Amino acid sequence: MYLIQPKDQNTLSADTQRTLNSFKDQHGHVPNFMTTLAHAPAVLDMYVSGARLLGDGVLSRPLQQKIAIVVAGHNDCAYCLAAHTEIGRRLGISEPELIGAQAGLALDSKEQALLEYAIELNANHGRPCAEIILKAQSEGVTTEEIFEVAAHVSLNILSNMINGLAYTEVDFPAVAALPHAA
């Protein structure tokens with residue numbers, strides 16, 4: 001049940017309609033989250049621009065989705081968990097890896113360090129303990145990667161918040177949240 005209904009696409013400004021149409025052209029559809037964000041065109045534009053810029057960053061697209069999954073799991077965002085799990089599937093991430101991402105687990109030690117860092121950032125409002133950064137650096141994580149993870153966590157916290165306050169109806173296949181992540 002929505003608390004804030006998605007914006008009727010017939011009532012959008014031309015600029016907002018162009019943003020959503022561009023998203024649809026790239027991704028095949030316009031999710032409920034995006035039409036909900038359309039209530040605030042500046043926020044929609046910031047989200048879309050940020051996601052596009054980060055998508056072209058140094059972190060692989062699968063890792064970006066794993067970060068979104070771990071943040072969604074820890075923030076109890078069923079919408080984002082479902083959306084990013086589905087995107088992860090489309091990118092070829094295996095089911096065991098997707099489930100592992102919810103728990104902050106990875107097969108690769110560098111990726112593991114990055115997921116632990118993302119969890120720490122999320123849990124401590126952007127103030128990780130020094131040890132988590134030192135551990136990541138010891139696994140070969142660069143400062144650029146550290147900053148990009150921070151940006152991904154921030155963008156995902158925003159989407160978790162919007163979906164949480166709007167009670168956005170999930171329009172992706174539902175995903176069972178791990179008990180510890182909720």
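This passage looks at the aromatic ring pairs of a predicted model and then at a nonpolar patch on its surface.

A pair of aromatic rings is described by two things, the distance of the centres and the angle of the planes. Rings count as a pair if their centres lie within 6.5 Å, and by this rule the model has three aromatic pairs. One of them joins Phe-33 and Tyr-47, with ring centres 5.0 Å apart; the planes stand at 80°, so this pair is edge-to-face. Phe-33 belongs to helix H2 (residues 32-37) and Tyr-47 to helix H3 (residues 41-55), so the contact ties together parts that are 14 residues apart in sequence. Phe-33 and Tyr-47 are both buried.

Another pair brings Tyr-79 and Phe-172 together. Here the centres are 5.8 Å apart and the planes lie at 85°, so this pair is edge-to-face. Tyr-79 sits in helix H5 (residues 78-90), while Phe-172 is found in the segment after helix H9 (143-166), so the parts tied together are 93 residues apart in sequence. Tyr-79 and Phe-172 are buried as well. The residues of these two pairs also belong together: Phe-33, Tyr-47, Tyr-79 and Phe-172 form one aromatic cluster.

Attention now turns to the surface, where Leu-3, Ile-4, Leu-165 and Tyr-167 make up a nonpolar patch. Together, these residues have about 410 Å² of accessible area. Tyr-167, one of the members of this patch, is placed in the segment after H9. Phe-172, met above as a buried member of the aromatic cluster, is likewise in the segment after helix H9.

Terms used. Residues are numbered from 1 along each chain as its sequence is written. This is a predicted model: local features need pLDDT of at least 70, side-chain atom pairs count only at pLDDT 80 or more; totals for chains, interfaces and linings use all residues. Side-chain values use heavy atoms; hydrogens and water are left out. Rings of Phe, Tyr and Trp (its six-membered ring) pair if their centres lie within 6.5 Å; planes under 30 degrees apart count as stacked, over 60 as edge-to-face and the rest as tilted. Helices (H or I, at least four residues) and strands (E, at least two) are DSSP runs, numbered from the N terminus. Buried means under 20% relative accessible area, exposed over 50%, partly exposed in between (1.4 Å probe, protein chains only). Patches are made of residues with over 30% relative accessible area and no salt bridge: like charges are joined within 9 Å, nonpolar side chains (Val, Leu, Ile, Met, Phe, Trp, Tyr) within 5 Å. Accessible areas come from the Shrake-Rupley method with a 1.4 Å probe; for residues, only the protein chains shown count as cover. A salt bridge is a side-chain nitrogen of Lys or Arg within 4 Å of a carboxyl oxygen of Asp or Glu.
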